[in-house]
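Student: I have a structure open and want to learn how to read its features. Can we go through them one at a time?

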Amino acid sequence: MDLVLLTLDLVGTAVFAISGALAAGRKRMDIFGVVVLGCTTAMGGGTLRDVILGVRPVFWIANTQYLAIAAIAASGTFVLAQRWRLPSTLLMYADAVGLAVFTVIGFQTAFQITGLYSIGIVMGMTSGVFGGIVRDVFSGEIPLILRQEIYASASLCGATFLALLSYLQLPNAFSVWAAVFTTLFIRLAALRWNLALPLFLPHEDRDKNDS
Amino acid sequence: MDLVLLTLDLVGTAVFAISGALAAGRKRMDIFGVVVLGCTTAMGGGTLRDVILGVRPVFWIANTQYLAIAAIAASGTFVLAQRWRLPSTLLMYADAVGLAVFTVIGFQTAFQITGLYSIGIVMGMTSGVFGGIVRDVFSGEIPLILRQEIYASASLCGATFLALLSYLQLPNAFSVWAAVFTTLFIRLAALRWNLALPLFLPHEDRDKNDS
Amino acid sequence: MDLVLLTLDLVGTAVFAISGALAAGRKRMDIFGVVVLGCTTAMGGGTLRDVILGVRPVFWIANTQYLAIAAIAASGTFVLAQRWRLPSTLLMYADAVGLAVFTVIGFQTAFQITGLYSIGIVMGMTSGVFGGIVRDVFSGEIPLILRQEIYASASLCGATFLALLSYLQLPNAFSVWAAVFTTLFIRLAALRWNLALPLFLPHEDRDKNDS
């Protein structure tokens, strides 16, 4: 893996670990719970990616730096949050950066292995959103991906854009950064201006199953 | 994989994608969220099956038709539900068909690999119920499998019946269809007449953990 | 695998199956639902461990005794709970034994494969806590790991202690039992005296995301 991707991947790991730690903190977990949820969030998406693609050993066994960075970022968040008032939107921003970075890493890994753009896009989304889903399910929240915000769509756009740039054979470092910033921009714009896509508003009776 | 199984598998993929899309719609997700939950529901059970059995690459990487069918079925459901009033029981019926089909496919795949009836039955159930569990957990519902209805039991009966037919060495196409219709019949009968098995009614005090 | 580990593993499988069956019973599932949740709880942690480590086939396909023991323990719990009043704390105790045993088995399996203490500790925790997380998520409860009790921490201490004993090259049978009892003691002490580690009490505004 080249240096740009490795750096990005470690940054993504740290920010997702922070988002997991913040989510754990909302549930008033103790420090080890915070570290566990931080690491799970940070490495869940990539683990599912490697398991589905058959990459052996999975990335955090091959390179234990990931584990160390996730644990340090999560416990650092724990310590900092005891002392300073962290901005309440930090979870959202950390999650957005992680989403953007892991979407790109997931695309690259899957595309290098399979050579298929469609699988690259799907695995980009999987890597990007799965860690956050695990974080939200484990902490008893409705996953961000299910809220009425552009979330999976941001990941899909970023991965599709990266597929296009790869198809055009642009320099890899350029493509990677362009796709990261595209994903991040779409997600942040959606958060900032409450953008939303057309919703699913079925005509059917919802009373039956809700009761 | 022979033609009967492939056809069934694609049908199961489509109906589970529809059930995932309908569940996503209940939560008012946007179109990409609907497609993501539809694909996850459609391919979750088979992915877990392939990962546990060590099948590489997993089925939807080996054959991207599955991905295409799931995405089309989910987005088609999104479009149709905007225009027509879909029957409120459609989710239940689509889920029942998917349960029956994936139970059979799961048994066949695992039995061909391991040669063990017990593993065939367990993986049949896993394939049948896991996609629906993921759908329900991700959309914040109590999984269907946990409700007081014959659900896992229908899958278990179908898979066991198929194990028996395989043991008797009946023609494969006959066994497959017989097991699909058995599973489907048991599940639909349970829905239609509210059948239930004996419940777990422990004498223990439930107050402690519920509070 | 030597006899001590195999015995422990089967005991852990049985007690986690009991804990899954009891949790299913709280939700008034039927007997097959109880068996399914029992088996999932008993084998979820080890399955994730084997899938991540790339062990093929996974343990319960390689040795179907696990499946049989889990199914018998879960259905036995179902039958017993219909007749006798089981102590309301049984779920907690069964879970604690399973946590201790699977932490140790997870460490041993991962350490034998990778030779890394850090991966051994992480996979020990993963094996120990994942089955219980699946049980709690599937039955719609907040995972035990998230409650304000020493849970992940007990597993972490036990795994770290075992890493230390392995490093010191003490006899394996001694190390294994010492680590099991250490984990179990910490967990039971935490339950008995309501011990807790420092909590995460961030200064940030929690209103925004809770609303």
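Student: How much surface does chain A expose, and which atoms supply most of it?

Tutor: Keep in mind that this is a predicted model. Chain A exposes about 8,200 Å². Carbon and sulfur atoms supply 67% of that area. On the other side of the ledger, 58% of the 211 residues of chain A count as buried.

Student: What secondary structure does chain A have?

Tutor: Nine helices and zero strands. Now look at sequence separation. Take contacts in chain A between residues at least 6 apart in sequence: 74% of them join residues at least 24 apart.

Student: How do I read one helix? Take α4 of chain C, residues 65–83.

Tutor: Start with the general idea. An α-helix has 3.6 residues a turn, so residues three or four places apart point the same way. Now the case. Helix α4(C) has 19 residues and reaches 27 Å from its first C-alpha to its last, close to the 27 Å expected. Its buried residues include Tyr66(C), Leu67(C), Ala70(C), Ala74(C) and Phe78(C). Down the axis, the buried residues of α4(C) fall within an arc of 140 degrees, so they line one face.

Student: What do those buried residues pack against, and which exposed residues sit on the face turned away?

Tutor: The packing partners are α6 (117–138) of chain B and, from chain C, α1, α2 and α3. The face turned away carries Ile72(C) and Arg83(C), both exposed.

Student: How many disulfides are there?

Tutor: A disulfide is a covalent bond between the sulfur atoms of two cysteines. The count here is zero over all chains. Check the distances. The sulfur of Cys157(A) has its closest cysteine sulfur in Cys39(B), 16 Å away, too far for a bond. For Cys39(C), the closest is in Cys157(B), also 16 Å away and too far. Burial is a separate reading: Cys157(A) is partly exposed at 32%, while Cys39(C) counts as buried at 14% relative accessibility.

Student: How many aromatic pairs are there over all chains?

Tutor: The count is 18, using ring centres within 6.5 Å. Phe59(A) and Tyr66(A) are edge-to-face: 4.9 Å centre to centre, 85 degrees between the planes. Both residues are buried. Trp177(B) and Phe181(B) are stacked, at 5.9 Å and 25 degrees. They are four residues apart in helix α8 of chain B, so about one helical turn separates them. Trp177(B) is partly exposed at 38%, and Phe181(B) is partly exposed at 48%.

Student: Which rings in chain A link into a cluster?

Tutor: Phe107(A), Phe111(A), Tyr117(A) and Tyr167(A), joined by ring pairs.

How values were computed
Residues are numbered from 1 along each chain as its sequence is written. Chains are lettered from A and ligands numbered from 1 in the order in which they are written. This is a predicted model: local features need pLDDT of at least 70, side-chain atom pairs count only at pLDDT 80 or more; totals for chains, interfaces and linings use all residues. Side-chain values use heavy atoms; hydrogens and water are left out. Helices (H or I, at least four residues) and strands (E, at least two) are DSSP runs, numbered from the N terminus. Buried means under 20% relative accessible area, exposed over 50%, partly exposed in between (1.4 Å probe, protein chains only). Contact means heavy atoms within 4.5 Å. Accessible areas come from the Shrake-Rupley method with a 1.4 Å probe; for residues, only the protein chains shown count as cover. The expected span of a helix is 1.5 Å times one less than its number of residues. The arc is that of the directions from the helix axis to the C-beta atoms. A disulfide is a pair of cysteine sulfur atoms within 2.5 Å. Rings of Phe, Tyr and Trp (its six-membered ring) pair if their centres lie within 6.5 Å; planes under 30 degrees apart count as stacked, over 60 as edge-to-face and the rest as tilted.
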